[in-house]
Amino acid sequence: MKASAGGYARAESVGHALDLLAGSDGQGRVLAGGQSLIAAMNMRLSVGDLLVDISKISELSGVIVSGGTLRIGALTRHAQVGASQVVRTHAPLLTDAVSHIAHAAIRNRGTMGGALAHADPAAEFPACALALGATMHSEGPEGARAIPAEDFFEEVFTTALKEDEILTSMTLPVAEEGEVQILEEVARRSGDYALVGLCLVKRASGHRVSLFSVGPKPILATVAMAALDAGDLEAAVDAVSSEIDPPSDTQASAAYRRHLAGVLLRRAVARLKGDTA
Amino acid sequence: MTEMFRDKIDVSLTVNGEPVEARVPAGQHMIDFLRLELGLTGAHVSCEHGVCGACTIRVDGDAVRGCLMLAAQADGAEVWTVEGLTDTNAISDLQDAFVARNALQCGFCTPGMLVAAEELLSKGDVPSRAEIREHLSGNYCRCTGYEAIIDAVESVAQGRAGKGKT
Ligand SMILES: Cc1cc2nc3c(=O)[nH]c(=O)nc-3n(C[C@H](O)[C@H](O)[C@H](O)COP(=O)(O)OP(=O)(O)OC[C@H]3O[C@@H](n4cnc5c(N)ncnc54)[C@H](O)[C@@H]3O)c2cc1C
Ligand code: FES
Ligand code: FES
């Protein structure tokens, strides 16, 4: 099928992009890497949008560390996140995540901000953001906002961003000395969206576990986290399967997804022990 | 208000080394532009949602999905398709290896496979078969069963590194 766009404008700066969105009578749609949006347009799932192309705004791209905080610009491409030594050092979970996202040619254009704003329940980055306790930064007509990951992801393809706002970056605390970050997922083929995925972060303050592809949005498995803190893996495995309410679809049944969640937690904990031994 | 948005966009880019100026519809993707406007039918259109890889082209040095990039976004870009890569002999060893190893039958996937494989080979080291598979995992081939394609890419990697013959 062929896409139908209502119009196109190339934004030169964040301010220009916000003006374009404000002037679009509610029809405006941010275009970043296009790896989800153009596919949806080609399938006519998205019709008549006034496209605000932000992909050339260089100030939204790049990775910086300062004062214990890692900041990744929204337009930083998956491939750039994956290749960044700074990310590998300070947030290895994201490096790991990239290798699971789509295929090389899609990673060359898809942006981290696009994946976060798109909020596909099966996407890796939103679950990483939860597990790492990241903060989303946006700009809008009313100014800048900082939104904790826990409040950002709301529903399938729905975030706390307003229609006239743009996600500009994500910040996260850099990994502590001795912190371990692990991502495990099951997908049928390399590059497919996960049937179920799990992030495990172990810090001095305790464990953090998030899951994706188990419901309308990624979740923090807080009961399982407490069980891991108490050293009770069996209780954590039970908790992780009951804390989720996964759908049954053509890819996997709900029961199979619950089972996988427990399996992935065991795998992640086994890697944790191996890594810290 | 909405006159800030255009339904036809002027772009100026290079395609296979030649400058191109065009006015493109807002929703047109790169492959329709290359095929319908420029007559470059090497890159194919198939799924149009990023799954099959038949449309893989090189844009600013990266292998990308031509169906998931708008022609309007190509302003200032340097675009290479299988036609240009053939004319400049940039991938003749890879093309020869595809023929020698029977790595194509109908040939529908081949232009995309070549661009994707060349991106991996251009990194310089000799990738393992698993790495080749992973790099080409986004390119479907309904004919060959992939094994011959991996053979061809592997032999070129070894050939270029001077460790074997293609
Ligand atoms: C075949 C295929 C397989 C894939 N597999 C995976 C996978 O396994 N895991 C995974 O996570 N993803 C996968 N993806 C999706 C890919 O990661 C996309 O790149 C990503 O979801 C969207 O990023 P983008 O930059 O391309 O955004 P776009 O497609 O440009 O935009 C997506 C949405 O986000 C909005 N948006 C984008 N950027 C911003 C911003 N800065 N501020 C506000 N709104 C914004 C857009 O308006 C749009 O609604 C796959 C895609 C394809 C085609
Ligand atoms: S036509 Fe572009 S990936 Fe299939
Ligand atoms: S040779 Fe026919 S699809 Fe690959």
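1. The first thing to flag is that the ligand 1 site is shared between chains, because residues from both A and B surround the ligand. Keep in mind that this is a predicted model. If you cut out a system around ligand 1, note that its surroundings come from chains A and B.

2. On confidence, the predictor puts the complex at an ipTM of 0.95 and a pTM of 0.96. For chain B the average pLDDT is 95, and 96% of the residues score at least 70. A general caution still goes with any such model: where pLDDT is low, the predicted coordinates should not be read in detail.

3. Now the shell itself. It counts 34 residues around ligand 1, and the closest of them are A:Val30, A:Gly34, A:Gln35, A:Leu37 and A:Thr111. Sorted by class, the shell holds 18 nonpolar, 13 polar and three charged residues.

4. A few polar contacts are worth a look. A:Glu124 places a polar side-chain atom 2.7 Å from a nitrogen atom of ligand 1. A:Arg29 does its part through a polar side-chain atom, 2.9 Å from an oxygen atom of the ligand. With A:Ala115 the backbone is involved: one of its polar backbone atoms sits 3.4 Å from a ligand oxygen. As for burial, ligand 1 on its own has 970 Å² of accessible area, and the protein covers 93% of that.

5. Which elements give two or more residues to the shell around ligand 1? In chain A they are strand E2 (28-31), helix H7 (112-118) and strand E10 (166-173). H7(A) gives the most, with four residues.

6. Stepping back to the layout, chain A splits into domain 1 (5-53), domain 2 (59-173) and domain 3 (180-272). The C-alpha centres of domain 1 and domain 3 of chain A are 35 Å apart.

7. Last, the annotation. An unreviewed UniProt entry lists residues 1-177 of chain A as "domain: FAD-binding PCMH-type". Across residues 1-177, chain A is 34% helix and 28% strand, with 51 Å between the end C-alpha atoms. The label comes from the UniProt record, whereas the helix and strand shares are computed from the predicted model.

Conventions: Residues numbered from 1 in each chain as written. Chains lettered and ligands numbered in written order. Predicted model: local features only at pLDDT ≥ 70, side-chain atom pairs only at ≥ 80, totals over all residues. Heavy atoms only, no water. Domains from an automatic or database assignment. Near = heavy atom within 4 Å. Polar contact = N/O pair within 3.5 Å; in protein donor to acceptor, adjacent residues only side chain to side chain. Areas by Shrake-Rupley, 256 points an atom, 1.4 Å probe, with all protein chains shown as cover. Nonpolar A, V, L, I, M, F, W, Y, C, P; charged D, E, K, R; others polar. UniProt positions renumbered as here; feature names shortened; annotations may be inferred. pLDDT = per-residue confidence, 0-100.
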